[in-house]
Amino acid sequence: NTGFKLIIGRVGPLFWLLCTLKEPMPNPEIKSLLKHYNEFFKGHSTEVVSWDRGPILKVIPEFKVFVAKPGPKINLWSYCSIGASTVHHPDHGLLEFIVHSPIESPRMVETLAMLSYYHNDHCLGFGHTVPIGEPWLDNSKCDNWLLSKPYPLGPDLEICKHLDSHIHITWLLPITVQEKNYKVSNGMEALEQLFEDKGLEFSAEIERGLMIQGNQPFLAQAL
């Protein structure tokens, strides 16, 4: 669909061509995502915001972020990417990203733009880690992202129905460099088990205790 409508008429001996521009039709992935997010976050105050800084719009022109304020599903701000799934990598499923924050933060919108752009070139997936280069929020020790399944909110969030297939919603979990190294040495399952044993919920606490000391689990409970 080009978004153009052609109207052909006749005035005297001359033909005229009128071309009117309509609102471009969104990609089917984007239509599926908006329906999915709105249904899942029913009861939350929501909005869709844009991010036009950096190169994201060069690779994903329709990139947006769906923002859900704290509500009945989760008492945190939820930022959900719209557009990463328009990037198709052979033999890999379609992905979008979600990050939860205890505070409202435009930095989360920027984060989703950066991850979506990175995904265009590097084909991210579950279990990957991505360095942030700075704390994900001020006063946090976490400076890496872990791409995980959104276990606390379950498959109702993770699986977005799309045509005769689906899109996976990937959870961006902020972790420390020690936790990243532990995952590299011991595997994703071991790190997830450690988080479960320590009772870590959403990892949205800005000032949480370290789970790893060196390359071993920290014996003290998280603060």
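1. Let's start with a term: a residue is buried when its relative accessible area is under 20%, exposed when over 50%, and partly exposed in between, using a 1.4 Å probe and protein chains only. Try it on Asn139: buried or exposed? Asn139 is exposed, because its relative accessible area is 60%. You'll find Asn139 in the loop between β7 and β8. Asn139 also has a positive phi of about 75°, although it is not a glycine.

2. A word on ground rules: this is a predicted model, where local features need pLDDT of at least 70, side-chain atom pairs count only at pLDDT 80 or more, and totals for chains, interfaces and linings use all residues. Residues are numbered from 1 along each chain as its sequence is written, and side-chain values use heavy atoms, with hydrogens and water left out.

3. How confident is the predictor? The average pLDDT (the predictor's confidence in each residue, from 0 to 100) is 81 for the protein, and 78% of the residues score at least 70. Go carefully with residues 1-23, where pLDDT is below 50; this stretch has 24 contacts in the model beyond near neighbours in sequence (contact means heavy atoms within 4.5 Å). Residues 218-223 also stay under 50, with 12 contacts beyond four places in sequence.

4. Now the overall layout. The protein has 6 helices and 12 strands; these are DSSP runs numbered from the N terminus, helices being H or I with at least four residues and strands E with at least two. Of its 223 residues, 43% count as buried.

5. Which residues have the most contacts inside the largest nonpolar core? They are Leu33, Tyr37, Phe41, Phe66, Ile98, Ile169 and Phe195, in a core of 27 residues. A nonpolar core here is a set of buried Ala, Val, Leu, Ile, Met, Phe, Trp, Tyr and Cys residues joined through side-chain atoms within 4.5 Å. Elements giving two or more residues to the 27-residue core include α1 (28-40) and α6, while β10 gives the most, with 5 residues. A second, separate core of 25 residues includes Trp77, Val109, Val130 and Leu137.

6. Have a look at helices α5 (residues 177-186) and α6 (residues 188-198). They pack at an angle of about 130°, with their axes 6 Å apart. That makes α5 oblique to α6, because angles under 35 degrees count as roughly parallel, over 145 as roughly antiparallel, 65 to 115 as roughly perpendicular and the rest as oblique. The axes are lines fitted to C-alpha atoms, for helices over the stretch in contact, and angles run from 0 to 180 degrees between N-to-C directions. Glu179, Tyr182, Lys183 and Asn186 in α5 meet Met188, Ala190, Leu191, Leu194 and Phe195 in α6.

7. Leu146 is worth a click. It sits in strand β8 (residues 144-148) and is buried, with a relative accessible area of 0%. Among the residues that Leu146 touches, not counting those up to four places away in sequence, are Lys183, Met188, Leu191 and Phe195.

8. Finally, try helix α3 (residues 106-122), where His119 lies. His119 counts as buried at 1% relative accessibility. Leaving aside neighbours within four places in sequence, His119 is in contact with Ala84, Val87, His89, Leu95, Phe97 and Leu124. In the loop between α3 and β7 (129-131) you'll meet Cys123, which has a positive phi of about 55° although it is not a glycine. Most residues other than glycine have a negative phi.
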